Amino acid sequence: MSEVKRKGPRLTKTQRNHFRKVILEKREEAVRQIETKRESFIDSSPGSSQLDSNYAYHMADVGTDAQEREKAFMQYARENKFLTFLDKALDRLENDPDYGYCKECGERIPDERLEEVPHTSHCVKCKSRII
Ligand SMILES: [Zn+2]
């Protein structure tokens, strides 16, 4: 999967359990945010709970307070993306022995950074170099 060999052992079960908890907590928060945001841009269109994102975009464009809705939708989209990242992180945590190590340099990503951004696969140094 990754080009660089990790410079250390796979995270222990205890460490993985810890990060699973961190991810699940963030996930719960993201889901809550998504629910809230979704309500704020579809509340005036009853019966449209099955909006897909394209339709939601459309709604944001034609709505009376289009800007507010668009803002809510952007936040909604961002949280949704974050949720996807978290789900991937959960999957990697279970299945990728390199989880917790930087894909670029192979160094262990510090716990504090993983707790902040558990879905990251780069250390701060490499991340800032890439972007
Ligand atoms: Zn790195």
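# A guided tour of a five-helix chain

Begin with the whole chain in view and follow the elements from the N terminus on, where they run α-α-α-α-α. This is a predicted model, and the chain in it has five helices and zero strands. If you colour the chain by burial, you will find that buried residues make up 21% of its 131 residues. If you then turn to the contacts in the chain with a separation of 6 or more, residues 24 or more positions apart account for 63% of them.

**First stop: helices H1 and H3**

Select residues 13-42, which form helix H1, and then add residues 66-95, which form helix H3. How do H1 and H3 lie relative to each other? Their axes are 9 Å apart and the two helices pack at an angle of about 160°; because angles over 145 degrees count as roughly antiparallel, H1 and H3 are described as roughly antiparallel to each other. The crossing of these two helices, H1 and H3, is left-handed. If you show the side chains where H1 meets H3, the contact has 15 nonpolar, four polar and eight charged residues.

**Second stop: Arg27 and Ala30 on H1**

Staying on H1, select Arg27, whose place is in this helix. Is Arg27 buried or partly exposed? Arg27 is partly exposed, since 18 other C-beta atoms lie within 10 Å, and a residue counts as buried only if there are 20 or more. Leaving out residues up to four places away in sequence, Arg27 touches Leu83 and Leu86. Now add Phe85 and draw a line from C-alpha to C-alpha: Arg27 and Phe85 are 9.6 Å apart in space, although 58 residues apart in sequence.

Next, move along to Ala30, which touches Glu79, Phe82, Leu83 and Leu86 when residues up to four places away in sequence are not counted.

**Third stop: the largest nonpolar core**

Which residues make up the largest nonpolar core? Select Leu11, Ile23, Ala30, Leu86, Ala89, Leu93 and Tyr99, the seven residues that form this core. H1 and H3 each supply at least two residues of the core, and H3 gives the most to it, with three residues. As background, nonpolar side chains tend to be buried together in soluble globular proteins.

**Fourth stop: Tyr99**

From the core, centre the view on Tyr99, which you will find in the loop between H3 and helix H4 (111-116). Tyr99 is buried, because 23 other C-beta atoms lie within 10 Å. Apart from its neighbours within four places in sequence, Tyr99 is in contact with Leu11, Arg92 and Leu93. If you also select Leu114, you will see that Tyr99 and Leu114 are 15 residues apart in sequence and 9.9 Å apart in space, C-alpha to C-alpha.

**Last stop: Asp65**

Finally, select Asp65, which lies in the loop between helix H2 (53-62) and H3. Is Asp65 buried or exposed? Asp65 is exposed, because 12 other C-beta atoms lie within 10 Å, and a residue with 12 or fewer counts as exposed. To end the tour, add Phe41 to the selection and compare the two positions: Asp65 and Phe41 are 24 residues apart in sequence and 9.6 Å apart in space, C-alpha to C-alpha.

How values were computed
Residues are numbered from 1 along each chain as its sequence is written. This is a predicted model: local features need pLDDT of at least 70, side-chain atom pairs count only at pLDDT 80 or more; totals for chains, interfaces and linings use all residues. Helices (H or I, at least four residues) and strands (E, at least two) are DSSP runs, numbered from the N terminus. Two residues are in contact if their C-beta atoms, placed from the backbone, lie within 7 Å. Axes are lines fitted to C-alpha atoms, for helices over the stretch in contact, and angles run from 0 to 180 degrees between N-to-C directions. Angles under 35 degrees count as roughly parallel, over 145 as roughly antiparallel, 65 to 115 as roughly perpendicular and the rest as oblique. A crossing is left-handed if the near helix is turned anticlockwise from the far one by less than a right angle, and right-handed if clockwise. Ala, Val, Leu, Ile, Met, Phe, Trp, Tyr, Cys and Pro count as nonpolar, Asp, Glu, Lys and Arg as charged, and the others, Gly among them, as polar. A nonpolar core is a set of buried Ala, Val, Leu, Ile, Met, Phe, Trp, Tyr and Cys residues joined through C-beta atoms within 7 Å.
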